[in-house]
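Welcome! Here is a short briefing to help you find your way around a structure you have not met before. Take a look at it first, and then read on.

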Amino acid sequence: MFDLLGTNLFSRLLLGTAQYPSPAILADAVKASGTSAVTVSLRREMAGGRAGEQFWSLIRSLGVKILPNTAGCHSVKEAVTTAKMAREVFGTNWIKLEVIGNHDTLQPDVFGLVEAARILCEDDFDVFPYTTDDLVVAERLLEVGCKVLMPWCAPIGSALGPVNIMALRSMRGHFPGVPLIVDAGLGRPSHAATVMELGFDAVLLNTAIARAADPVGMARAFGKAVDAGREAFSSGMLEPRNVAVPSTPTIGRAVFL
Amino acid sequence: MKLMVNGEAHEVAATTLAELLTALDYEGDWLATAVNSDLVHKANRAEFQLSDGDRIEILSPMQGG
């Protein structure tokens, strides 16, 4: 059980709901991953349309915690208004806050992010900020009221995996009591295991599962990797050494002359 | 009155946000509305008076990462 801002989650894997081949595969992937929290979004509805209703009905049937996002927002105003609209529709104070600053890398506008986080925290939101691995930005986000941080490990959808292990390790070391969730850039289950071994509290991913040849199988694989990484972190891993150390006892070995 | 609704121009007789939603066949608890970039709560749509040139966003749940 994983306590995230007072909510007990059965898994340390949070899952995005976009890009799946079909709603049925999305539902199966959610179940196979073992996740108990998924991200959702808001988009324009067509006049007379029912697309939103159908999707929302599917998500509610899964019985998972909802983490709405502000994906696609490029300004503080857009992000704040989208967050407020999401709270009305989804009935949760949780918001994954994205304020995008660059079209090519989709990296966050960290200045706008801090300002939007301040406004939303003052309005009683539980803000999950999609941020970089910059320690100073992280400190500012905590100062304005964020209680969890979600650094990227690589650009969204890139599948590169953790490109700056040192920065992630540093972040974990600087904020020992803050829930840290790696959000964006994971491509393989081994990537998820790696960041969990570093002591991150959870991972949030979407594309690596949704765009896999078999999303359900990949969801299951990521679920296992996240569990394995966490258990490894909790179990105390051996530090690397530069010399060989025999694993089989040398005492009592036969001597053949 | 001329309005922009989800990025498209509309000429409507509706004077409130609730009337606009009905006129354009929007209904359902899953919709969120904003006028000129500010949220308008569901409970306030009936008395929210629209003005010529207003920009209305009508959003609903969608897949997201």
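The notes below cover one helix, one interface and one residue.

This is a predicted model, so please read each value as computed from it. We begin with helix H4 of chain A, which runs over residues 110-122. We then turn to where chain B meets chain A, with 27 residues of chain B in contact with 29 residues of chain A. The last stop is Thr207(A), a residue in helix H8 of chain A.

**Helix H4 of chain A**

- H4(A) has 13 residues, and at 1.5 Å a residue these should span 18 Å; the end C-alpha atoms are 18 Å apart, so the expected and modelled spans agree.
- At the N-terminal end, Asp109(A) acts as a cap for H4(A), with a side-chain oxygen 3.1 Å from the backbone nitrogen of Phe111(A).
- Just after the helix, Asp124(A) takes a positive phi of about 70°.
- The buried residues of H4(A) are Val110(A), Gly112(A), Leu113(A), Val114(A), Ala116(A), Ala117(A), Leu120(A) and Cys121(A).
- Their cover includes two helices, H3 (76-90) and H5 (135-143), along with two strands, E6 (94-97) and E7 (126-131), of chain A.

**Where chain B meets chain A**

- About 2500 Å² of area is buried between the two chains, and carbon and sulfur atoms give 59% of that area.
- Trp30(B), Met62(B) and Gly65(B) supply 26% of what chain B buries against chain A, more than any other three residues.
- Four salt bridges link chain B and chain A; one salt bridge joins the side chains of Arg45(B) and Glu88(A), at 3.9 Å from N to O.
- There are also 20 residue pairs in polar contact between chain B and chain A.
- Strands E3 (32-35), E4 (38-40) and E5 (55-63) of chain B each give two or more residues to the side that touches chain A.
- E5(B) gives the largest share of that side, with seven residues.
- Sorted by class, the side of chain B that touches chain A has 12 nonpolar, nine polar and six charged residues.

**A look at Thr207(A)**

- Thr207(A) sits in helix H8 of chain A, which covers residues 207-210.
- Its relative accessibility is 24%, so Thr207(A) counts as partly exposed.
- Leaving aside neighbours within four places in sequence, Thr207(A) is in contact with Gln19(A), Gly157(A) and Ala212(A).
- Thr207(A) and Val38(A) are 169 residues apart along the chain, and their C-alpha atoms are separated by 13 Å.

Terms used: Residues numbered from 1 in each chain as written. Chains lettered and ligands numbered in written order. Predicted model: local features only at pLDDT ≥ 70, side-chain atom pairs only at ≥ 80, totals over all residues. Heavy atoms only, no water. Helix = DSSP H or I, 4+ residues; strand = E, 2+ residues; numbered from the N terminus. Expected span 1.5 Å × (residues − 1). Buried < 20%, exposed > 50% of the residue type's maximum accessible area, 1.4 Å probe, protein only. Contact = heavy atoms within 4.5 Å. Polar contact = N/O pair within 3.5 Å; in protein donor to acceptor, adjacent residues only side chain to side chain. Buried area = accessible area lost by both parts, 1.4 Å probe. Nonpolar A, V, L, I, M, F, W, Y, C, P; charged D, E, K, R; others polar.
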